[in-house]
Amino acid sequence: LQKAGFAEVVEVGVGADITSVKEAEEYLEKVPAKQGFMTSSCCPAFVEYVRKNHPEYMDHVSTVVSPMIAMARAIRAKDRKARIVFIGPCTAKKVEIKQDDVKGAVDYVLTFEELRAILDARGLELAEMPEITAGEPSSYGRIFARTGGVAESVRRVAKLEGIETEINPIRCSGIEECIKTMKLASFGRLEENLIEGMACKGGCTNGAASIFHDQRGIQRVNDFSRLALTDNPMEGIRGYDMAGVNMEREFPELEKMKEVTAGEKKAKKQATAKAK
């Protein structure tokens with residue numbers, strides 16, 4: 001990537017570590033108090049599905065930004081002038097960066113297919129390049145890219161932080177499983193309390209712009225994860241001072257829900273006062 005013209009390269013697994021730490025905190029704050037469930041927010045396609053088909057459950061969607069946005073904001077905290085490009089297998093990320101509450105965090109999104117075209121055009125052969133690191137995320141930050149990775153990471157952080165509340169996740173691999181799980185939730189038949197929603201089967205490794213779509217992607221993610229120097233997500237984000245960096249999303253649906261709730265409370269209060 002540096003030979004192709006990039007000044008610096010950072011592995012987005014670091015952003016995944018940031019996300020898992022924040023989601024564990026949010027889970028502890030929200031779920032035990034409401035005795036309900038929370039969903040992940042890393043997959044923009046899954047979040048969009050909930051928004052369009054189950055808007056009444058948008059307050060159950062985690063308000064923590066995706067690893068892409070977390071990593072970008074962490075970079076900008078260090079370098080305000082940086083022009084940030086996210087490279088991955090997901091076409092939905094091209095839509096995510098344009099959404100109002102995260103707009104400006106990432107300047108451009110490239111897919112793996114587009115990256116391959118750039119490397120081919122420059123005549124760069126990866127097999128001839130020496131391997132170097134691009135940051136040192138935890139092993140859990142690296143498995144965000146496959147089904148189960150988000151849930152496992154959040155549970156790992158909870159354990160390290162001494163959070164005793166039981167996290168009972170359901171892992172949705174592909175949009176069909178996401179649809180089925182959200183229907184169970186709407187019928188009040190969901191037994192789990194954390195929904196990991198991945199619109200692509202197998203997770204991001206099988207994203208629309210992946211180079212291949214089979215078990216090789218998942219296996220390579222798992223193999224790469226084992227090379228990590230730590231299994232502690234808090235260790236994975238060392239070197240980034242996150243104090244004062246906004247890691248929250250501002251879904252407009254939540255603001256509308258708050259307005260409706262406030263209006264209902266006001267009407268009820270007025271009716272009670274009138275009755276008296």
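## A walk through the model

Let's start with a pair of charged side chains: those of glutamate 152 and arginine 146 meet in a salt bridge, 2.9 Å from N to O. (A salt bridge here is a side-chain nitrogen of Lys or Arg within 4 Å of a carboxyl oxygen of Asp or Glu.) This is a predicted model, in which local features need pLDDT of at least 70 and side-chain atom pairs count only at pLDDT 80 or more, while totals for chains, interfaces and linings use all residues. Residues are numbered from 1 along each chain as its sequence is written, and side-chain values use heavy atoms, with hydrogens and water left out.

How do the two partners sit? Arginine 146 is buried, with a relative accessible area of 12%, whereas glutamate 152 is partly exposed at 27%. Those words have cut-offs: buried means under 20% relative accessible area, exposed means over 50%, and partly exposed lies in between (1.4 Å probe, protein chains only).

Altogether the structure holds 14 salt bridges. One of them joins the side chains of aspartate 101 and arginine 249, 2.8 Å from N to O. This pair links distant parts of the chain, 148 residues apart: aspartate 101 is in the loop between α4 (93-96) and β3 (108-111), and arginine 249 is in the loop between α10 (233-236) and α11 (252-275). Helices (H or I, at least four residues) and strands (E, at least two) are DSSP runs, numbered from the N terminus. Both aspartate 101 and arginine 249 are buried.

Another salt bridge has a different setting. Arginine 226 pairs with aspartate 223, their closest N and O atoms being 2.7 Å apart. Here arginine 226 is exposed, with a relative accessible area of 59%, and aspartate 223 is partly exposed at 36%. Elsewhere, salt bridges that share partners tie Glu48, Arg51 and Lys52 into one network.

Now for a sheet. Three strands make an open sheet in the order β1-β5-β4, and their pairing is parallel. Why do β1 and β4 each have a side without a neighbour in the sheet? Strands β1 (38-39) and β4 (169-173) stand at the edges with a single partner strand each, so one side of each is left free. Strands count as paired if DSSP finds at least two bridges between them, and β1 is joined to β5 (residues 194-198) by two bridges. Methionine 38, for example, has leucine 194 in β5 as its bridge partner.

Helix α7 (residues 149-160) packs on this sheet, touching β4 and β5, and its direction makes about 145° with that of β5. (Contact means heavy atoms within 4.5 Å; axes are lines fitted to C-alpha atoms, for helices over the stretch in contact, and angles run from 0 to 180 degrees between N-to-C directions.) Buried residues of α7 include Gly149, Val150, Ala151 and Val154. The helix has twelve residues and reaches 16 Å from its first C-alpha to its last, close to the 16 Å expected at 1.5 Å a residue; that expected span is 1.5 Å times one less than the number of residues. After α7 comes glycine 162, whose phi is positive, near 75°.

There's another strand pair to look at: β2 and β3, parallel over four bridges. Along β2 (residues 85-88) the side chains alternate, with Phe86 and Gly88 pointing to one face and buried, while Val85 and Ile87 point to the other and are not. Glycine 88 stands opposite threonine 111 in β3. Phenylalanine 112, in helix α5 (residues 112-122), is in contact with Ile87, Gly88, Pro89, Ala209 and Ile211, leaving aside its neighbours within four places in sequence. Phenylalanine 112 is partly exposed, with a relative accessible area of 33%.

Last stop, the cysteines. How many disulfides does the structure hold? Zero, counting a disulfide as a pair of cysteine sulfur atoms within 2.5 Å. The closest cysteine sulfur to that of cysteine 200 is in cysteine 43, 6.5 Å away, which is too far for a bond. Cysteine 204 is in no disulfide either, and its nearest cysteine sulfur, that of cysteine 90, is 6.5 Å away. Cysteine 200 is partly exposed at 29%, and cysteine 204 is partly exposed at 33%.
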